[in-house]
Amino acid sequence: MCEGKFVGRDEIALVPTPTATASWKPVPHSEVIDAVTDVVKAHNWQILDEQYGLARDGQRMFGFMRINKTHSPEWSRCIGIRNSHDQSIAVGLAAGLCVKVCSNLVRRIQ
């Protein structure tokens, strides 16, 4: 059973980020997405599709960006993204020709 829900960037930006502690500094979900977007654009790649989700009342974020580095209509690359505000995982990225990032934040590259 999937515990998350799919949302847009606007809703992700509304998720409050917890206060940092001496040993843990949470990263806002929207900053993670923006940082990946900046790198994609800096390489002159195009985002063809993107989808994001939130789980556990916004404490966990997951998603993907499908990019086309080669301008080929036959294939594209994907970047999987994950982040948490509940100290369960650190920011994570996965990349490949087919990436699946589930709402439980497990990544699988094929």
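This is a stop-by-stop tour of a predicted model, with something to select at each stop.

**Stop 1: the whole chain**

Start with everything in cartoon view. The protein chain has 2 helices and 7 strands, and reading along the sequence gives the pattern β-α-α-β-β-β-β-β-β. Switch on a surface if you like: the chain exposes about 6,700 Å², with carbon and sulfur atoms supplying 52% of that area. Of its 110 residues, 36% count as buried. For a feel of how the chain folds back on itself, take the contacts between residues at least 6 apart in sequence: 43% of these join residues at least 24 apart.

**Stop 2: the sheet**

Now select β1 through β5. These 5 strands make an open sheet in the order β1-β2-β3-β4-β5, with antiparallel pairing. Which strands stand at the edges? They are β1 (5-7) and β5 (92-96); each has a single partner strand, so one side of each is left without a neighbour in the sheet. Look along the sheet and you can follow the turn from strand to strand: neighbours are rotated by 20° against each other on average, direction ignored.

**Stop 3: β2 and β3**

Zoom in on residues 46-55 and 60-68. These are strands β2 and β3, running antiparallel and joined by 9 bridges. For one landmark along the pairing, pick Q51, which stands opposite F64 in β3. Next, go to the link: β2 and β3 form a hairpin with 4 residues between them. Click on R56 in that turn, where phi is positive at about 55°.

Leave β3 selected and add residues 29-42. That is helix α2, which packs on the sheet and touches β2, β3, β4 (77-84) and β5. The direction of helix α2 makes about 15° with that of β3.

**Stop 4: R60**

Stay in β3 and select R60, which is found in that strand. Is this arginine buried or exposed? R60 has a relative accessible area of 12%, under the 20% cut-off, so R60 is buried. Show the side chain of S88 as well: a polar contact of 3.2 Å joins it to the side chain of R60.

**Stop 5: the edge at β1**

Slide over to β1, which pairs with β2 in the antiparallel sense over 3 bridges. Select K5 and look across to L54, its bridge partner in β2.

Then select F6 and F62 as sticks. The count of aromatic pairs comes to 1. F6 and F62 form that pair in an edge-to-face arrangement, 6.3 Å centre to centre with 70° between the planes. F6 lies in strand β1 and F62 in strand β3, so the pair ties together parts that are 56 residues apart in sequence. Colour the two rings by accessibility and compare: F6 is exposed, with a relative accessible area of 57%, whereas F62 counts as buried at 3%.

**Stop 6: the edge at β5**

Cross to the other edge and select β4 and β5. They pair in the antiparallel sense over 5 bridges. In this pairing, G80 has A94 in β5 as its bridge partner. Which residues of β5 are on its covered face, and which on its uncovered one? The covered face holds G92, A94 and G96, while L93 and A95 make up the uncovered face.

**Stop 7: R9**

Finish at R9, which has its place in helix α1 (residues 9-13). At 29% relative accessibility, R9 counts as partly exposed. Expand the selection to its contacts: leaving out residues up to four places away in sequence, R9 touches I33, D34, T37, I47, E50, Y52 and M65. With T37 there is also a polar contact of 2.7 Å between the two side chains. For a last distance label, try the C-alpha atoms of R9 and G53, which are separated by 9.4 Å though the residues are 44 apart along the chain.

Definitions and conventions
Residues numbered from 1 in each chain as written. Predicted model: local features only at pLDDT ≥ 70, side-chain atom pairs only at ≥ 80, totals over all residues. Heavy atoms only, no water. Pairing = 2+ DSSP bridges. Axes fitted to C-alpha atoms, helices over the stretch in contact; angles between N-to-C directions. Contact = heavy atoms within 4.5 Å. Buried < 20%, exposed > 50% of the residue type's maximum accessible area, 1.4 Å probe, protein only. Polar contact = N/O pair within 3.5 Å; in protein donor to acceptor, adjacent residues only side chain to side chain. Areas by Shrake-Rupley, 256 points an atom, 1.4 Å probe, with all protein chains shown as cover. Phe/Tyr/Trp six-rings, centres within 6.5 Å; stacked < 30°, edge-to-face > 60°.
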